[in-house]
Amino acid sequence: MPIQILMPALSPTMTEGKLAKWAKNEGDKIASGDVLCEIETDKATMEVEAVDEGTLGRILVKDGTENVAVNSPIALLLTEGEDASALDAITESPVKVDKEPAMSPGAAPASTPAPKELPAAAAPPVEEYSGPTAKMTVREALRDAMAEEMRRDSEVILLGEEVAQYQGAYKVSQGLLDEFGDKRVIDTPITEMGFAGLGVGAAMAGMKPIVEFMTFNFAMQAIDQIINSAAKTLYMAGGKMGASIVFRGPNGAASRVAAQHSQCYASWYAHCPGLKVVSPWSGTDAKGLMKAAIRDPNPVIMLENELLYGQHFEVPTDPEFVIPIGRAKIERPGKDVTITAFSRMVGVALEAAKALEADGIDAEVINLRSLRPLDVEAIVGSVKKTNRIVSVEEGWPLAGIGSEIAALMMEHAFDWLDAPVTRVCGADVPMPYAANLEKLALPQPEGIVEAAKSVCYR
Amino acid sequence: MPAEAAAKGGSEAKTQPEGKPDAQELLKLYRQMLLIRRFEEKAGQLYGMGLIAGFCHLYIGQEAVVTGLHACATDKDSVITTYRDHGHMLATGMDPKGIMAELTGRIGGYSRGKGGSMHMFSVEKRFYGGHGIVGASVPLGTGLAFAHKYRGDGGLNFCYFGDGAANQGQVYEAFNMASLWKLPIIYVIENNRYAMGTSLQRASATTELFRRGEAFGIPGVAVDGMDVQAVKKAGAEVTAHVRAGNGPYVMEMNTYRYRGHSMSDPAKYRSKEEVASYRKEHDPIDGLRAFMEKNGIGDEASFKDIDREIKEIVNQAAEFAQSSPEPDPSELWTDVLIEA
């Protein structure tokens, strides 16, 4: 049977075009790759090349024909051993191209409405830790977590600027070079995009790198590698290959370092599927979440805070202590209003809760710990009890973590709310340098007190 | 030595067959290049029929590059490339059916239909993508090389990218670290002379791309990327250099793509005569065949057999790619995260 040559589409949206010119005549020998003809649309002209070889038996659509439908036969090709008589056997009905394969039964519509069901918690509830503890700084807790995991798995490495010989720009990696050597604790050049990508490549090979950014402000140079290379690969590979990697470093405002060095990236990373995002407050959070992040087979963003590094907490010393990613912690139980916060703002919220006692308001403070997945169950559970919620974050209001919490409360706790969801955010300006302005730009206990009183109608 | 070629201003390494050519080896190279050519032509045809959509970058014209270089690879080596990746996947031995079915967006595709032309991976064949962001695969390949060195597994990374990607900043961040840490990696710049529609001359202040590693102490060599034997010969020297622990190398493969940048590119930025001259005078497949015929390797019948065999493989791939079902709707929600 002669082969039908079909009118090709130049793009997925093309439905018809002009057959401008044949480059071959009937009777010509055709080899694969030979230019057969030229077709035109309003946007482009392209040459059509032969896929099969043979002899051009018959041209069905002449030069200059307009509006030739895509996939209609334009010529017949005689294959080896066929003569012209074979042409008459062909009926000129268009070939049916099964462009849209049958969808499986029960196919879902293209856009799925937001789920009304409460999303299942990403991890089992955190059990109360009753093992040994020691008083240490958040900085030491992070270091101990990394050291314990590096002892446990020889494929865990730490790389970043000043992490080795300098012992960490903020001394988080103090002592690690001495214990693990320069093969595993690696000073990089100042080249965020490069070493973030290098880390992801090593992770694709199966290693477990911890990539330290001196601060997350500099990770903006590397965000393409974090999102496009690390977060999306598992999905694009149909589950065949991912990247077990931790990106960590201080996030949010430090002190008096102005706009380029004072930004909260929580909502940026929490937005992206394929990532997990954690943000510790206490030493216990820092240690337990750091260990969980390293053990996790997915890319994890760990948003630390420079101002917390020197704060002291009682921290578990059991090397098997790990905090499951995806669970929040009620830091202070209360019955009148829920206050959610993460990172340094947990401490600020606890201060506010203490101040609210004087007004007879019993606030429940939730330390979110994990921003993706977010522990919706814990927040909704609290709101069902308090009927009021204030979200606190350092980041800007638009499309922030508080915006997400407000939407989630509409979806999952609407009937329990006695007051509008209220946000306390960083001021919607780049961070100023002046001491008084910087203070005004960041959430303070007074602002949280005011917000809590307002949702309690006090 | 390639390093000397670079020092002399990059006079291109040419085919200089020494002794009797190895018939089996040449037939293997011929067969591999033909498979890529026919596979890509079929992909182009399926695109024309609306069965493949989106971006689809064909490798037609450049077959000698990956074929000649991968002939120098061991089973420890890893490969990474950008979006013009079908040829590289075939060269690493990935299944043409799985590749074609990914192009048609079906469950039988390498990425279960979720990746498409630019995003396929095979840990088994040590092929690490398939990356759509120009330049981003270069640090990733450098990370694969880091893992080779960390584990001391004796492998190296073949990191392929184009003349367009060679102007991305992160390429040089990667060069710096690779040279600093003596990582086992070959940066293969497939210079097909056009970054989409912009010619090398219009985009690059310096056009001798094999010299782009000089600032980092990385040696380079320019190779006739339309001549598979020249590629293999240069590849053998460069892989030996890198395997000996000397750190990275840059290979500039001077090549040409016959088709547009992607399927929807009419390629108005270059003349028909230019394309025709490459096809007629420099075609890697015709060139190798002429060489073999001159040297009495293979006859008309054996070439016909190869043609038939390749055609069969490609037709089966195309059939599979059309009969494999679309992914189940439930696939929308899977593979976002690995459940711990």
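Visitor: In the open sheet of four strands in chain A, which strands stand at the edges?
Guide: This is a predicted model, and its open sheet runs in the order β5-β4-β2-β7 (chain A), with antiparallel pairing. An edge strand here has a single partner strand, so one side of it is left without a neighbour in the sheet. That description fits β5 (45–49) and β7 (65–69) of chain A.

Visitor: And which residue in β7(A) does A:L19 stand opposite?
Guide: Start with the pairing: strand β2 (residues 16–22) of chain A and β7(A) run antiparallel to each other, over three bridges. Look across from A:L19 to β7(A) and you find A:T65.

Visitor: Over in chain B, is α2(B) oblique or parallel to α12(B)?
Guide: Helix α2 (residues 23–48) of chain B and helix α12 (residues 300–323) of chain B have axes that come within 9 Å and cross at roughly 40 degrees. Angles under 35 degrees would count as roughly parallel. The crossing angle therefore makes α2(B), relative to α12(B), oblique.

Visitor: How many charged residues are in the contact of α2(B) with α12(B)?
Guide: The α2(B) side includes B:R31, B:R38 and B:K42, while B:K311 is among those from α12(B). The contact also has eleven nonpolar residues and no polar ones. The charged count is four.

Visitor: Which helix gives the most to the side of chain B that touches chain A?
Guide: The contact takes 47 residues from chain B and 56 residues from chain A. On the chain B side, α2, α6 (137–151) and α7 (169–180) each supply at least two residues. The top contributor, with nine residues, is α6(B).

How values were computed: Residues numbered from 1 in each chain as written. Chains lettered and ligands numbered in written order. Predicted model: local features only at pLDDT ≥ 70, side-chain atom pairs only at ≥ 80, totals over all residues. Axes fitted to C-alpha atoms, helices over the stretch in contact; angles between N-to-C directions. Parallel < 35°, antiparallel > 145°, perpendicular 65-115°, else oblique. Contact = placed C-beta atoms within 7 Å. Nonpolar A, V, L, I, M, F, W, Y, C, P; charged D, E, K, R; others polar. Pairing = 2+ DSSP bridges.
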